Number of protein chains: 2
Amino acid sequence: MLDFTGTYTDQYQLTMGQVYFLKGHTHHTAVFDYFFRKLPFEGGYAVFAGLENLLEILKDLRFDEKDIQFLKQLGLNKDYIEYLKDFRFTGTVYSMREGEVVFPTEPVVRIEANIIEAQIIETLLLNILNFQTLIATKASRMRLQAKGKMLIDFGLRRAQGAGGYHASRAAVIGGFEATSNTRAGRDFDLPVSGTMAHSYIQSYEDELSAFRDFAEAHPENTVLLVDTYNTLKSGIPNAIKVGKEMEQKGQKLKGIRLDSGDLAYLSRRSREMLDEAGLDYVKIAASNQLDEHLIKSLLDQEAPIDIFGVGTSLVTGQPDAALDGVYKLAFFKEEPRIKLSETISKITLPHKKQVFRVLDKHGNFAGSDVVALSEEENPQMMFHPSDPLKHLSVGGHQKEPLLQKVMENGKILNDSRSLKEIEAFSRERLDKLPKEYKRFFNPHIYKVGLSEDLKRERDRLIDEHKVK
Amino acid sequence: MLDFTGTYTDQYQLTMGQVYFLKGHTHHTAVFDYFFRKLPFEGGYAVFAGLENLLEILKDLRFDEKDIQFLKQLGLNKDYIEYLKDFRFTGTVYSMREGEVVFPTEPVVRIEANIIEAQIIETLLLNILNFQTLIATKASRMRLQAKGKMLIDFGLRRAQGAGGYHASRAAVIGGFEATSNTRAGRDFDLPVSGTMAHSYIQSYEDELSAFRDFAEAHPENTVLLVDTYNTLKSGIPNAIKVGKEMEQKGQKLKGIRLDSGDLAYLSRRSREMLDEAGLDYVKIAASNQLDEHLIKSLLDQEAPIDIFGVGTSLVTGQPDAALDGVYKLAFFKEEPRIKLSETISKITLPHKKQVFRVLDKHGNFAGSDVVALSEEENPQMMFHPSDPLKHLSVGGHQKEPLLQKVMENGKILNDSRSLKEIEAFSRERLDKLPKEYKRFFNPHIYKVGLSEDLKRERDRLIDEHKVK
């Protein structure tokens, strides 16, 4: 769908690249970490998404002819532009698996590449991973509240432009079953769903004829929108008529959809009317500005809704517009690198690192991830990143290393998984997360700490760089 | 950039289309209105954006081979799929000009097309216009607060996926001067801007060498990022050194950038230190989670900042994720159409319509737009849309009809304008809007009402469709 080229980046990546190029820094490998600082939606976890998408783009990333023309127009150095003509991403990527349950401050992806390549891909990487992780997390929150009910993405019309395309992909990773977005369905092999809008009913002289024509054209897939004129006095009675007529032909009305009014009340009344007419198999779908709070509230009220269609709040992640993911230099020219800040939580973690997830004796998540140096095999202690008094022994626990090599010298190492497989993996991981962390309000805070070796290195570098 | 095809739509457009096709409704023209119901950001106006982009896409919209394959896979009717193979948008579009200052409930765009075409483009139209209007409006709010200071879009990394591409376009319409987004710069002919990140400084053993190398590689465009280690003790003193060295070579340091800490305090101290060193021409740029509220606050404090770099809140429209624009059927088969609702403000307006902007005697906006039937030439009275007691005489005023034909039978009628021209037009229009409507807090509410003829028609149709 999207024609990503080398200029899909921030201009400063290209101006910095020119300095690296002119100063001959291209032979040195830089190590960057991708991580975020704050969980969205006041939740207790995030669902990592976008990785396989990103790798596919990195594999083929080039500066095309128009890009090169534009760089000339911008007055960049000629030799540097020549170098960019042959640009390929030839780096190595370590990452958590797409669908993993992830937490703030831990490296989720580690990039090792020559510094020009590593910088040029920064913006693309952040753009893709920040957004898809935001939306997969939002979708996962809705999935937890919707329990076994069906969830459908209706968001494209209110999505942030072409962002809607990847939003539909991420929604499925978070647990949505289908999308109204035909193009995303086509490209990502998602189930698509869609029946009728108000305009369709309005285009007829009367609602009943509109319903009948639809049932005739789509007997296997008729979901009647019942609120164009009056839900209980017109929409539902007409839907019942058509449902009974379909029965005569050996067909079954699939559902009705409510799109306005008090959904708890209307779904209950609609269910009663349908059941009284013998149409107890007809499903009730509901839409209209839904989010996880409304889904929870409707189900707390035992509203008999079978299918939720969710738009704006899903595909935009409302009320959180963005995951605050960043990409920070940790190692360069064989030296660990750090960025200082007046707030200790904003100081970066130096060195090539690994993340260990601590498991309990059942193999579930114990509630702690340890960020360690990449060569450590089994860190024994975990230190709070900013409070020197807090530490925890994790020696007796099994641990899983979460960062695995997924791309080597620009080549993808694993076969790509279907979104269904990614979703299933994500569900499995979320099942291992104790329920306090999945609580809707005020979830328990998952601990991410530093190994003793990493902490010592970080503190040493802080001291070294402090301006006296 | 984006490969928009026929399937960039909601699936229900295609299932409804199948009914229209099988029932032979393709010869009938449908008239749809695009309008929104609520101004974003608690503001007093919106800046309409995305139109020329949309028309370019409509002009070439097709179902490509992959689309057709997918429609077959979905089991749509074969004859209908054949019809879609030849799909072109052959409709006519009336619209306000891109950059126009617009208000809730008034039709901003009117589409006249065969009903299948009109439905298929609905999602695309909403996706593009809702988002770009949201972002242009956000940008415009920042422009008003930033007064004459320079504004640069830094948003791509936190944008909602590929939405960032069009966000940069819309930001310029709203008054931004430049973008960090190289690809948007390339495709929309925008000034691009970018110098260095923290990683660049970190890649050096010391800050001073990093600054020197940059100045050497980009003598015309050096903006030094001064907060990697310590802004006032290290960043600014090193920037001053490099600035003085550049003077020796007959060059000029362009600026420094602050990206953390108290920007009011740091900008003031930085200004003093630079001025004392004779570098009073060096500009101060600031970034870090800025929005219109922070820009206003910084300038209220007289922070000596010359350039604001704005990211997340600009390109995502935070805290409003979406403009609530809708697309409603108003006329079909030579008959006016209406959608009822229990809330009178959600009842749609029937008929082909025109919007008249009422002018005061100086040619400025008087604060009222009248929505009228398209054949009306000079409505005399304007009625409140939901309060029958409120009406206003507008007979003595000059009026401008705002909806103009911009596409006829699928062909664009006017030459496309550059974004600079659209921005200039928008600024001109905003100048005509009295300042009470541009007030930052609690702006005056601009009136949008109905002409007497339109009100009569709407009330007649409500009565006709009411379920007794």
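This is a short tour of a predicted model with chains A and B, stop by stop.

**Before you start**

Residues are numbered from 1 along each chain as its sequence is written, while chains are lettered from A and ligands numbered from 1 in the order in which they are written. Because the model is predicted, local features need pLDDT of at least 70 and side-chain atom pairs count only at pLDDT 80 or more, whereas totals for chains, interfaces and linings use all residues; side-chain values use heavy atoms, with hydrogens and water left out.

**Stop 1: the interface**

Colour the two chains separately and select the residues in contact (heavy atoms within 4.5 Å). You should pick up 97 residues from chain A and 98 residues from chain B. The size of an interface is often given as the accessible area lost when the parts come together. Here the buried area is about 8500 Å², with carbon and sulfur atoms giving 54% of it; this is the accessible area (1.4 Å probe) that two parts lose on being put together, summed over both. Now show A:R157, A:Q160 and A:R186 as sticks: in chain A they lose the most area to chain B, together 10% of what that side buries.

**Stop 2: charges and polar pairs across the interface**

Next, select A:K23 and B:D213. They form a salt bridge, and their closest N and O atoms are 3.5 Å apart. The rule asks for a side-chain nitrogen of Lys or Arg within 4 Å of a carboxyl oxygen of Asp or Glu, and it finds 16 salt bridges across this interface. Between chain A and chain B there are also 64 residue pairs in polar contact (both at pLDDT 80 or more). A polar contact is a pair of N or O atoms within 3.5 Å; within protein, one must be able to donate a hydrogen and the other to accept it, and residues adjacent in sequence count only if both atoms are side-chain atoms.

Move to helix α1 (residues 11–22) of chain A, which gives the most to the side of chain A that touches chain B, with 10 residues. Helices (H or I, at least four residues) and strands (E, at least two) are DSSP runs, numbered from the N terminus.

**Stop 3: a link within chain B**

Select B:R357 and B:E106, a salt bridge with closest N and O atoms 3.7 Å apart. B:R357 is in strand β14 (residues 353–359) and B:E106 in the loop between β4 (101–102) and β5 (109–114), so the pair ties together parts of chain B that are 251 residues apart in sequence. Over all chains, the structure holds 80 salt bridges.

**Stop 4: backbone details**

Zoom in on A:Q318 and A:P319, joined by a cis peptide bond with omega about 5 degrees. A:P319 sits in the loop between α14 (312–316) and β12 (326–332) of chain A. In chain B, the peptide bond from B:Q318 to B:P319 is cis, with omega near 5 degrees.

Finish at A:N288, in the loop between β10 (283–286) and α13 (292–300) of chain A. A:N288 has a positive phi of about 115 degrees although it is not a glycine.
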